[in-house]
Structures are given as C-alpha cells and as structure tokens.
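This report takes up two pockets, then a sheet and an annotated span. Please keep the model open alongside the text.

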Amino acid sequence: MDHFPTNWGRPRNDAYDAYGTYPIAVRPNNALKDAFSAGVQRTQAPIVTGTSVLALKYKDGIMMAADNLASYGSLARFKDVKRLQTVGEHTVIGAGGDMSDFQYIQTVLDELMIDEFAEQDGHTLGPAEIHEYLSQVMYARRSKLDPLWNALLVGGYKDGQRFLAFVDLLGTTYSASTLATGYGAHIAQPLLRTAVEGNEDVLTEDEALKIIEQCMRVLFYRDARSLDKYQVAKITAEGATISDTRRLDTTWSFAEGIRGYGAQTE
Amino acid sequence: MPNMISLAQPQQRQFNPYTENGGTILAIAGADFSVIAGDTRQSEGYSIQTRYAPKVFRLTDKAVLAVNGFAADGNMFVKKVRQRLEWYRHAHAKDMPLRAIARLIQTMLYARRFFPFYVYNILGGIEEDGTGAVYSFDPVGSYEREACRAAGAAQSLVQPFLDNQIYFKNQTPAPGTSHPVHLPLSTVLALVIDSFTSATERHIEVGDGLEMYVVLSKGSTAFQSLGAIHGIQELTATEDGERVFVIRRELKKD
Amino acid sequence: MTSIGTGYDLSASTYSPDGRIFQIEYANKAVENSGTAIGLRVKDGVVLAVEKLTHSKLLVPGVNRRIQTVDRHIGMATAGLLADGRTLSKRARDEAASYRDAYRQPPPLKAISDRLGLYVQMYTLYSSVRPFGISTILGAVDKDGPGLYVVEPSGVFFGYHGAAVGKGRQIAKTELEKLKLTELSTREAVIEAARIIYLVHEDTKEKDFELEMTWIGEETNNIHLPVPKDLLVEAETKAKASLEATFD
C-alpha cells in the first residue's frame with residue numbers, strides 16, 4: 001500500500017497541494033527499485049535492546065556485570081534477560097545492543113566450541129581466541145552492511161593471564177583495564193578508571209565487587225533503560241562463574257523533599 | 001478536513017559502516033634512517049576508548065606502517081598487508097623491498113575504491129639503496145614518497161610545523177649555509193616529541209602515549225651520537241641488515 | 001551358496017538370486033578384521049573401549065584414534081576401516097550440528113543413530129559406491145539417560161545394553177552378558193571394559209595394542225571425555241591382574 005496521497009493520482013487533495021505544484025521529483029517513490037534488494041532484510045536498527053555492560057581487571061582476574069533488562073524502545077519489555085554468558089571454561093562475554101543478535105552470537109559461539117571440543121586435540125579456546133573470532137565475525141558483518149547490532153565485552157583468565165577486550169557492530173576493538181559499553185561508557189567508565197587504573201594488581205575480589213556494585217547503582221539512577229536487577233560474572237584461575245540475579249539497594253526517600261514539579265498539595 | 005500539512009517523508013536511516021577513532025601519526029625520513037610515530041589514544045566522539053591501542057606496526061626489519069582513521073579498518077588492513085608480506089617471504093625467501101610494499105599498499109587500497117578502507121597510511125623505512133624513506137597514502141591509494149608527513153586528527157597542527165622545521169619553509173638560510181638538509185636523528189626525535197606534546201595540548205583526540213619507531217639503514221651510525229636513549233627497545237629480527245627500534249613516551253592523559 | 005564367479009558380488013546395487021547383497025557381507029568382513037570395540041551402557045553412563053592394534057612400534061602413542069567425539073555428550077567408536085570411521089564421524093558431527101541448528105537443543109542419541117543409519121544405507125544402493133567398511137558404536141547420555149547404539153554396514157541400527165564389534169566380538173559379548181550392566185556404575189564399567197578388551201586381545205594373540213577408552217556419565221558431567229590417566233592406569237593394572245589369575 002502506498003501511503004502517500006500525492007502518489008494516488010486525481011482527485012488531488014486541495015488541503016496540501018491545491019494547484020498540483022508539489023514537485024514530482026520530491027514525491028516519494030514507493031515502487032520497488034530493485035526486486036533483489038527488497039528480498040533481503042538487513043538489521044537497520046536494534047529492536048529489543050540491552051543497555052550497559054561493565055568490566056574491570058582485579059588481582060585475581062576479571063569481573064563483569066550487566067543488568068537483566070531488555071528494552072523495547074522505552075518499554076521495559078523483558079526483565080529477566082541474561083546478558084552475560086560463559087563461553088568455555090575460561091571466558092565470559094557480556095552484550096549490550098540488540099538481544100536477538102546476541103542470542104544469534106551465542107549459538108554461533110556454541111557451535112564453535114562444540115567443533116573445537118570434538119577435535120579432542122588438547123587445545124581449548126581462551127578469551128583471546130574468542131575475542132579475535134568475534135571481532136572477525138563482527139567486522140565481516142559490518143562489511144556486508146548487515147551488522148550484528150551489539151557492543152560486546154570479552155573477559156577471561158587463561159594460562160595465568162587476565163584478558164579484557166571490547167568489540168562492537170563496526171568491528172572496532174580495544175582493550176583496557178576497565179571497560180564499559182553504552183551509557184556505562186559515559187557514566188561508569190570515569191568511576192571505574194578512578195578506582196581501578198594503577199590498582200589492577202592489588203584490588204581484591206570484595207573491593208572489585210564494591211566498585212562494580214556502586215557503578216551499577218549510579219547507572220540505575222541515571223540510565224532510564226536500566227534495571228536494579230543485575231548479574232556479576234567472575235573469571236579467575238578457578239574458572240568462570242556468573243552469579244544469580246542480584247538486586248541493588250537504592251534510596252529514593254529524597255524524592256519526598258523535592259518541590260517544584262508534579263502534584264503537590266502545598 | 002484533517003490538517004495534512006505535515007508531509008512526512010519516508011525516513012531512511014542507513015547503517016553507517018564507518019567511524020573515526022582519532023589520534024595522529026607522523027613519519028620523517030633522514031639520510032640513512034626513518035622515524036615513524038603515532039600516539040596510542042583511541043577514541044570515538046568525546047569518549048576515550050583506550051589509552052593504549054597501537055597505530056604503528058613493524059612490518060619487516062626495513063618497513064614500519066602507521067595507520068590512522070577508522071581503527072577496525074586499520075587493524076584489518078595491517079593484517080592483510082602482513083599476510084601478503086608473509087606470502088612474499090614464502091615465495092621469494094626475502095623481505096619485500098620498501099618501494100614494493102608501497103606499491104602493494106596502493107593496489108590493496110585501490111581494490112576497495114568503492115568501499116574504501118577509511119584509513120590514512122604512512123609507510124616509513126629504508127629503501128634498497130640504503131636511504132631513509134617515507135611514503136604517504138590517501139584512503140583509496142594515491143601515494144607519493146616524501147621526506148615527512150603527518151596525518152590524522154592533528155594533521156593540520158603538525159604538518160605546518162614539520163613544513164617549517166624539516167623543509168625549512170619560510171626560513172631564510174644563514175649566510176654561507178643552504179637548506180634543506182637532512183637532519184640528524186637526535187633532532188628528528190626531538191621534533192617528533194615536540195610535535196606530539198604540542199598536538200596533545202591543542203587537540204582532544206591526541207594524547208596518552210607515544211610510540212616512535214626508528215628504522216636504521218644497514219651500518220648506520222645514527223645512534224652513536226645519541227648515547228643511551230631511555231627505554232629504547234630493539235625489535236630487529238634478522239642479523240646484518242636494517243635495524244628497528246621502538247621508543248615509548250608518556251603523553252598527557254587529559 | 002558361494003558368491004565366487006557368479007557376478008552377483010561386484011556391485012552393491014545387485015541382489016544375488018537368493019536375495020543377498022554380497023558387497024554388504026564383504027563390508028562386514030572388513031569389520032571382522034579389525035581390533036575389537038565395545039560399548040557398555042550402565043546405570044548412570046556409557047563407556048566406550050577399543051582394542052587399537054598398533055601395526056608398527058614406530059607409531060607415536062595415542063595416534064590414529066578410533067573413538068571420536070560427535071557432540072559434547074555423544075561419542076562413537078568404530079571397528080573396520082579407519083578412514084571410513086573418520087568420514088562417518090564427520091557426518092555424525094554435521095548431523096548433530098544440524099539438529100542443534102533446527103531444534104536448539106542437544107541432539108538425542110537416537111536421532112543421530114537414525115540419521116547415520118540412513119546415511120550408511122545410502123551406500124548400499126548404488127553401483128558407483130561401496131558400503132562403509134565399519135560397524136559403529138554410538139554412546140551418549142542424553143535427555144533420556146544413557147544410550148548405546150550400533151550402526152552396521154547395511155545401515156541397520158539397534159539399541160543395546162552392551163555392544164561389541166570387530167575381531168573379538170564373540171568373546172566380548174559373552175563377557176558382557178555376564179555383567180549386570182544396569183546395576184554397574186560408570187566407574188565400575190570402565191574397569192570391566194578394560195578387562196574385556198585385555199581378555200579379548202589375549203585370546204586373539206595379535207600384535208601390540210593400545211587400550212583407548214572414553215566415558216560419559218555423572219563424573220564427567222555427562223560429557224564425552226577420555227577416561228582420565230589415573231583411572232585408565234588402574235583399569236589396565238586390574239585387567240592384567242585378572243588375566244594372570246585366569247591363567248594361573
């Protein structure tokens with residue numbers, strides 16, 4: 001159906017094109033330009049989205065966190081979504097952006113890990129290999145103009161080495177001792193850097209957890225697409241574990257004292 | 001009659017496969033050496049993504065490539081150039097000469113003329129005749145050999161400085177002297193450091209760290225006049241040929 | 001009836017007048033020449049064991065594996081042509097991946113055995129191909145618990161509590177029948193499997209061999225893994241000891 005009245009032909013609608021002067025050249029052409037391109041639907045925009053993922057290096061390994069919300073625009077659509085996932089023994093990935101694309105990535109990685117497992121050659125993929133693989137997949141998809149609309153963190157610990165790196169829908173990669181995606185890159189990253197930079201080798205697990213928790217709280221206060229339910233992943237020499245869902249304790253009593261907007265009786 | 005003045009045009013939001021990751025690179029050729037440098041900050045918009053993401057890469061003992069622009073394209077491009085150089089080594093049992101690498105890079109860039117690698121390349125190293133050389137490229141492969149070149153976010157700040165200090169533009173020679181002349185390595189390194197500290201002051205996308213690669217011609221004595229350079233690291237892989245070094249310095253992180 | 005000279009044994013696509021396909025029977029001969037492979041389906045898991053005959057002392061230990069992994073929870077052991085075993089295991093992995101792709105869950109062993117049966121049977125239909133020269137023991141712990149199947153060169157497959165294929169299958173089967181398989185733990189089954197392989201080997205008086213053994217059970221988190229070094233050593237020691245006891 002062509003929804004543009006100017007393309008419907010006579011009778012014209014005098015309300016907006018009284019003299020038929022609306023230039024033909026700028027009338028929307030709704031005809032299919034290319035039957036082939038119409039047959040392919042690429043991801044033009046993310047639909048059901050997750051917000052920030054945070055991660056930091058600490059003494060024993062990597063800690064990562066993400067909340068459990070998947071939003072549909074401004075609607076808090078799914079409130080029990082897992083955005084952290086272990087991949088093999090030594091790695092956790094965390095995803096912001098389109099959740100269906102993330103689920104696709106999970107199945108791709110699962111297949112990869114099974115293929116590698118079936119080799120039974122004594123090798124397992126570590127975080128560095130998984131990050132490199134993901135980077136190549138993400139870059140290849142952006143090069144097809146059919147991106148996987150995600151920002152991903154890859155954290156891990158293998159052979160005595162900590163690993164933490166980022167990759168996004170453009171295939172952009174980088175590594176640092178603290179990383180944050182989405183809103184977290186603006187709000188949490190400065191807090192993380194202040195707390196972590198230079199202390200990577202002394203921060204204990206408890207201290208790391210406190211930092212993560214505080215950042216998640218600030219994000220929940222300031223990011224409208226966030227939730228107070230979240231999970232924390234820990235990757236150390238002992239392997240990768242993802243916590244059960246936790247709840248942030250937050251304070252809203254100050255709202256009582258706010259005057260100036262909303263319904264007030266005095 | 002409903003108000004139909006608002007003529008909603010169909011909205012086409014197209015995915016943009018590029019971004020700009022800031023930073024600056026530069027290279028200067030000496031008589032028998034070449035210096036290739038870049039800062040290590042990677043950013044997008046106002047966010048610093050990381051303080052350490054190398055933009056300068058040792059390709060062979062006589063060639064170093066600096067890549068600036070869209071980081072994902074840059075990394076992929078370096079990966080592909082390295083693969084081609086490896087194949088060349090397998091086929092010919094030697095490293096590809098610098099001018100051949102330059103032409104290879106032009107071919108590889110132009111192959112993507114209609115979906116370019118969004119990167120500015122500067123290739124530095126030693127030619128087969130032992131002279132220091134710098135080649136600079138645009139994203140689709142136009143290239144030339146030069147004595148110096150700056151590219152990236154702070155190109156407009158650094159290149160005029162280099163024009164003045166390397167090419168002696170707008171300078172009149174002292175009586176009885178002439179220029180341009182090839183500068184000694186110590187002077188070149190000082191210029192590079194000054195370029196980056198200045199660019200760091202005036203450009204928000206430049207800073208954090210500086211990596212300077214020095215390629216010396218076979219038998220070059222350029223280092224002897226320098227004494228010990230703090231923190232210098234040699235990366236040379238083969239004996240009796242050109243030598244490659246890297247010097248790292250901190251830059252302001254604000 | 002002998003097949004020699006009748007011409008009915010030249011192609012898998014031709015029956016003999018009394019309704020046999022000789023090429024399939026020859027394929028079974030190829031299996032019979034091979035070192036024994038056994039599978040035990042017990043209370044909480046599955047054990048696969050292979051008597052891998054080593055034709056040369058120059059071979060690196062552990063090479064030319066005859067037990068392969070199909071999926072995290074599925075293993076397969078073959079007796080017969082080694083290369084045919086590799087082809088079939090590749091097909092099995094592809095089938096497992098395709099099942100996961102379609103149904104987003106780990107494939108049940110029955111589904112994989114069924115698909116492999118169909119695949120193997122295809123090679124009994126055409127004159128342009130030869131049937132698989134292997135019998136395959138598939139083992140897994142899936143949503144229905146432990147499972148064990150054997151796919152034969154004809155393409156038929158059956159489920160078993162205990163299975164044996166290859167040269168020493170008769171003795172192995174006799175031994176398996178003596179066991180109370182449904183009451184054994186996987187760990188106990190490992191010991192028994194090693195014993196049976198050693199016993200079978202002793203009887204055939206073949207060259208050197210390597211014992212290759214994998215298990216799937218509670219102790220491995222229902223994942224198909226090689227039997228760990230210490231348990232393997234324990235099982236082999238006990239196997240040797242029981243042999244000595246028999247002959248003393």
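## Pockets and a sheet

The second largest pocket has a volume of about 940 Å³. Its lining counts 48 residues, and T173(A), Y174(A), Y52(B), A53(B) and P54(B) sit closest to the centre. From chain A, the elements giving two or more residues to this lining are α3 (127-143), β9 (161-168) and β10 (173-175). From chain B, they are β4 (47-50), β6 (63-69), α1 (71-92), β11 (209-216) and β13 (243-250). The most comes from α1(B), with 6 residues.

The model is predicted. Its largest pocket holds about 1100 Å³ of space. Here 40 residues form the lining, and those nearest the centre are F117(A), Q120(A), H224(C), L225(C) and P226(C). Chain A supplies at least two lining residues from each of β6 (84-87) and α2 (99-119). Chain C does likewise from each of β3, β9 (209-217), β10 (225-226) and α6 (229-247). The largest share belongs to α2(A), with 6 residues.

The table sets out the residue classes of the two linings.

| Pocket | Nonpolar | Polar | Charged |
|---|---|---|---|
| Largest pocket | 15 residues | 14 residues | 11 residues |
| Second largest pocket | 16 residues | 19 residues | 13 residues |

Next, the sheet in chain C. In what order do the strands of the open sheet of chain C run? The order is β3-β4-β5-β6-β7, 5 strands with antiparallel pairing. At the edges are β3 (67-71) and β7 (157-159) of chain C, each pairing on one side only. From one strand to the next, the twist averages 25°. In general, strands of a sheet pair through backbone hydrogen bonds.

Within this sheet, β4 (residues 74-80) and β5 (residues 134-142) of chain C pair in the antiparallel sense over 7 bridges. G80(C) stands opposite I134(C), which belongs to β5(C).

A helix also meets the sheet. Helix α2 (residues 82-103) of chain C lies across β3, β4 and β5 of chain C. This helix runs at about 15° to β3(C). The edge strand β3 of chain C also supplies at least two residues to the lining of the largest pocket.

One annotated span remains. An unreviewed UniProt entry assigns residues 8-30 of chain C to "domain: Proteasome alpha-type subunits". What share of residues 8-30 of chain C is helix, and what share is strand? The span is 39% helix and 0% strand. Its end C-alpha atoms lie 19 Å apart.

Conventions. Residues are numbered from 1 along each chain as its sequence is written. Chains are lettered from A and ligands numbered from 1 in the order in which they are written. This is a predicted model: local features need pLDDT of at least 70, side-chain atom pairs count only at pLDDT 80 or more; totals for chains, interfaces and linings use all residues. Side-chain values use heavy atoms; hydrogens and water are left out. UniProt positions are given in the numbering used here, feature names are shortened, and annotations may be inferred rather than shown by experiment. Helices (H or I, at least four residues) and strands (E, at least two) are DSSP runs, numbered from the N terminus. Two strands pair if DSSP finds at least two bridges between them. Axes are lines fitted to C-alpha atoms, for helices over the stretch in contact, and angles run from 0 to 180 degrees between N-to-C directions. Contact means heavy atoms within 4.5 Å. On a 1 Å grid over the protein atoms alone, a cavity is a set of points where a 1.4 Å probe fits but cannot get out, and a pocket is an open set with protein on both sides within 12 Å along at least five of seven lines; lining residues have an atom within 4 Å of a point. Grid points are joined across faces, edges and corners, and a volume is the space filled by probe spheres set on the points. Ala, Val, Leu, Ile, Met, Phe, Trp, Tyr, Cys and Pro count as nonpolar, Asp, Glu, Lys and Arg as charged, and the others, Gly among them, as polar.
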